Amino acid sequence: MKIRIKEQFIRFRLTKTDVTKLAEDGMVTEHAQFVTRMLIYSIVRTNGHRLSIDFDGKAIILGMPGEMIDELSTTEIVGFSENNTQVKILVEKDFICMENPLEGQSDNYDYPNS
């Protein structure tokens, strides 16, 4: 799972393994270790109907409704967004980069209709 943050917009990109783990376990977590602290970022299954997000000082926690997780894991849908919060959220499948990738992509999704 990758995250990208720009101002009030946060984007989560999920590999095939991430989507499977989220569907099976109801949670997927990653972390980035800095010199003195770790940043944790997670997606967790919720009973709600909208994406929600919080930051507790060390972890970014995205709440994702079970219905969305099921749809993401069983259909061709690319992702979901939420624009009604202070932070704009996008959760999407991670597709193979078409140009000069710097990281492994064997677990990424093929582009639809490619």
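**Figure 1. Order of helices and strands along the chain of the predicted model.** Read from the start of the sequence, the elements of the protein succeed one another as β-β-α-β-β-β-β-α-β-β. The protein thus contains two helices and eight strands. In this predicted model, 33% of the 114 residues count as buried. The exposed surface of the protein comes to about 7,400 Å², and carbon and sulfur atoms supply 51% of that area. When contacts between residues at least 6 apart in sequence are considered, 38% of them join residues at least 24 apart.

**Figure 2. The open sheet with strand order 1-2-8-7.** Four strands make up this sheet, and their pairing is mixed. Strand 1 (2–6) and strand 7 (79–82) lie at the edges; each has a single partner strand, so one side of each is left without a neighbour in the sheet. From one strand to the next, the twist averages 10°. Helix 2 (residues 66–74) packs on this sheet and touches strand 2, strand 7 and strand 8 (88–93). The direction of helix 2 makes about 150° with that of strand 7.

**Figure 3. Pairing of strand 1 with strand 2, and the loop between them.** Five bridges connect strand 1 and strand 2 (residues 9–14), which pair in the antiparallel sense. Within this pairing, I3 stands opposite F12 of strand 2. E7 belongs to the loop between strand 1 and strand 2. Although E7 is not a glycine, its phi is positive, at about 55°. E7 counts as exposed, with a relative accessibility of 68%.

**Figure 4. The open sheet with strand order 3-4-6-5.** This sheet is also built from four strands with mixed pairing. Its edges are formed by strand 3 (27–33) and strand 5 (52–55), each of which pairs on one side only. Neighbouring strands are turned against each other by 15° on average, with direction ignored. Strand 3 and strand 4 (residues 38–46) run antiparallel and are joined by seven bridges. Within this pair, V28 stands opposite I43 of strand 4. Helix 1 packs on the sheet through contacts with strand 3, strand 4 and strand 6 (59–65), and the direction of helix 1 makes about 130° with that of strand 3. Helix 2 also packs on this sheet, where it touches strand 4 and strand 6. The angle between the direction of helix 2 and that of strand 6 is about 80°.

**Figure 5. The hairpin of strand 5 and strand 6.** Strand 5 and strand 6 pair in the antiparallel sense over four bridges. One bridge pair consists of S52 and its partner G63 in strand 6. Three residues lie between the two strands of the hairpin, and G57 in the turn has a positive phi of about 105°.

**Figure 6. Packing of helix 1 against helix 2.** Two packed helices are described by the angle between their axes and the distance between the axes. Helix 1 (residues 16–25) and helix 2 pack at an angle of about 135°, and their axes are 9 Å apart. The two helices are therefore oblique to each other. The crossing of helix 1 past helix 2 is left-handed. At the contact, V19, L22 and A23 of helix 1 meet I69, L72 and S73 of helix 2.

**Figure 7. Surroundings of S42 in strand 4.** S42 has its place in strand 4. With a relative accessible area of 5%, S42 is buried, because buried means under 20% relative accessible area. Apart from its neighbours within four places in sequence, S42 is in contact with M1, F12, M27, V28, T29, I60, I61 and L62. Among these contacts, F12 is the residue that stands opposite I3, and V28 is the residue that stands opposite I43.

**Figure 8. R37 in the loop between strand 3 and strand 4.** R37 is located in the loop that links strand 3 to strand 4. R37 is exposed, with a relative accessible area of 59%. In sequence, R37 and K58 are 21 residues apart, and in space their C-alpha atoms are 8.2 Å apart.

Conventions
Residues are numbered from 1 along each chain as its sequence is written. This is a predicted model: local features need pLDDT of at least 70, side-chain atom pairs count only at pLDDT 80 or more; totals for chains, interfaces and linings use all residues. Side-chain values use heavy atoms; hydrogens and water are left out. Two strands pair if DSSP finds at least two bridges between them. Axes are lines fitted to C-alpha atoms, for helices over the stretch in contact, and angles run from 0 to 180 degrees between N-to-C directions. Contact means heavy atoms within 4.5 Å. Buried means under 20% relative accessible area, exposed over 50%, partly exposed in between (1.4 Å probe, protein chains only). Accessible areas come from the Shrake-Rupley method with a 1.4 Å probe; for residues, only the protein chains shown count as cover. Angles under 35 degrees count as roughly parallel, over 145 as roughly antiparallel, 65 to 115 as roughly perpendicular and the rest as oblique. A crossing is left-handed if the near helix is turned anticlockwise from the far one by less than a right angle, and right-handed if clockwise.
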